[in-house]
Amino acid sequence: MSNILKALALASLLSSAAPALAGEKDVTLYKNPQCGCCEGYADYLRENGFAVTVKPTHDLSAMSRDAGIPAEAEGCHLSFIDGYVVSGHVPVGTVKKLLTERPDIKGVTLPGMPMGSPGMTGTKEGPFEILEIQKSGGTGGVYAKE
């Protein structure tokens, strides 16, 4: 009987902890060592329930190419989240859409450093077009607009 009670107590503990853990995803964010807006983006992800590890690197362009992102579509930093690559200041709505829908792509990118995007200062001048990164490399169409 005590084994049954222990099993029930363990099951109850695990089921009550699941909602708290469900929103957290581990993110590894690679950035140029001097970049402050990348730290702002890491904080933005943390504020939205992600566990972020920031790793400074001088090899960001090479890492982006290795991830299949052409130079003209590179974002400011490179994140790896739950099997996907996320390049640049991609809004969390698109990140959550990617993780929920689980499309057959390598990831997404928001090229450059658009003003008003998460982690950036300034005023947003229009919708952001977040591009697909195809598994074969290169960009596909627009994955999301925010």
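This briefing walks through the fold, the sheet, one helix and a few individual residues of the structure above. The model is a predicted one. Its secondary structure comes to four helices and seven strands, and from the N terminus on the elements follow the order α-β-α-β-α-β-β-α-β-β-β. The seven strands form an open sheet with mixed pairing, and helix H4 lies across E3, E4, E5, E6 and E7.

**Overall numbers**

- The protein has 146 residues, and 38% of them count as buried.
- About 7,800 Å² of the protein is exposed, with carbon and sulfur atoms supplying 55% of that area.
- If you look at contacts between residues at least 6 apart in sequence, 53% of them join residues at least 24 apart.

**The sheet**

- Reading across the sheet, the strand order is E2-E1-E3-E4-E5-E6-E7.
- Strand E2 (51–56) and E7 are the edge strands, each pairing on one side only.
- From one strand to the next, the twist averages 25°.
- Strand E1 (residues 26–31) and E3 run antiparallel and are joined by four bridges; here Tyr30 stands opposite Leu78 in E3.
- E3 and E4 are also antiparallel, pairing over four bridges.
- The pairing changes sense at the next step: E4 and E5 are parallel, with three bridges.

**The E3–E4 hairpin**

- E3 and E4 make a hairpin, and two residues sit between the strands.
- You can follow the register residue by residue: Ile81 is opposite Tyr84, Phe80 has Val85 as its bridge partner, and Ser79 has Val86.
- Asp82 belongs to the loop between E3 and E4 and has a phi near 50°, a positive value in a residue other than glycine.
- That value is worth a look in the backbone, since most residues other than glycine have a negative phi.
- Asp82 counts as partly exposed because its relative accessibility is 36%, between the cut-offs of 20% and 50%.

**Strand E4, covered on both faces**

- In a regular strand the side chains alternate between the two faces of the sheet.
- In E4, Tyr84 and Val86 are on one side while Val85 and Ser87 are on the other, and all of these are buried, so both faces of the strand are covered.
- Ser87 also takes part in the pairing with E5, where it stands opposite Thr109.

**Helix H4 and its buried side**

- The buried residues of H4 (residues 92–101) are Val92, Thr94, Val95, Leu98 and Leu99.
- These residues cover an arc of only 160° around the axis, so they are on the same side of H4.
- The spacing makes sense in helical terms: an α-helix has 3.6 residues a turn, so residues three or four places apart point the same way.
- The cover over these buried residues includes helix H2 (36–47), along with strands E3 (78–81), E4 (84–87), E5, E6 (129–133) and E7 (139–145).
- Relative to E7, H4 runs at about 115°.

**Arg102, just after H4**

- Arg102 comes just after H4 and takes a positive phi of about 50°.
- This residue is found in the loop between H4 and E5.
- With a relative accessibility of 40%, Arg102 counts as partly exposed.

**Thr109, a buried residue of E5**

- Thr109 is in strand E5 (residues 107–109).
- Its relative accessible area is 0%, so Thr109 counts as buried, for which the cut-off is under 20%.
- A polar atom of the Thr109 side chain lies 2.7 Å from the backbone oxygen of Ala73.
- Leaving aside neighbours within four places in sequence, Thr109 is in contact with residues including Ile69, Ala73, Glu74 and Gly75.
- Other contacts of Thr109 include Ser87 and Val90, as well as Glu129, Ile130, Leu131 and Ile133 of the later sequence, and Thr139.

Methods. Residues numbered from 1 in each chain as written. Predicted model: local features only at pLDDT ≥ 70, side-chain atom pairs only at ≥ 80, totals over all residues. Heavy atoms only, no water. Buried < 20%, exposed > 50% of the residue type's maximum accessible area, 1.4 Å probe, protein only. Polar contact = N/O pair within 3.5 Å; in protein donor to acceptor, adjacent residues only side chain to side chain. Contact = heavy atoms within 4.5 Å. Arc of directions from axis to C-beta. Pairing = 2+ DSSP bridges. Axes fitted to C-alpha atoms, helices over the stretch in contact; angles between N-to-C directions. Areas by Shrake-Rupley, 256 points an atom, 1.4 Å probe, with all protein chains shown as cover.
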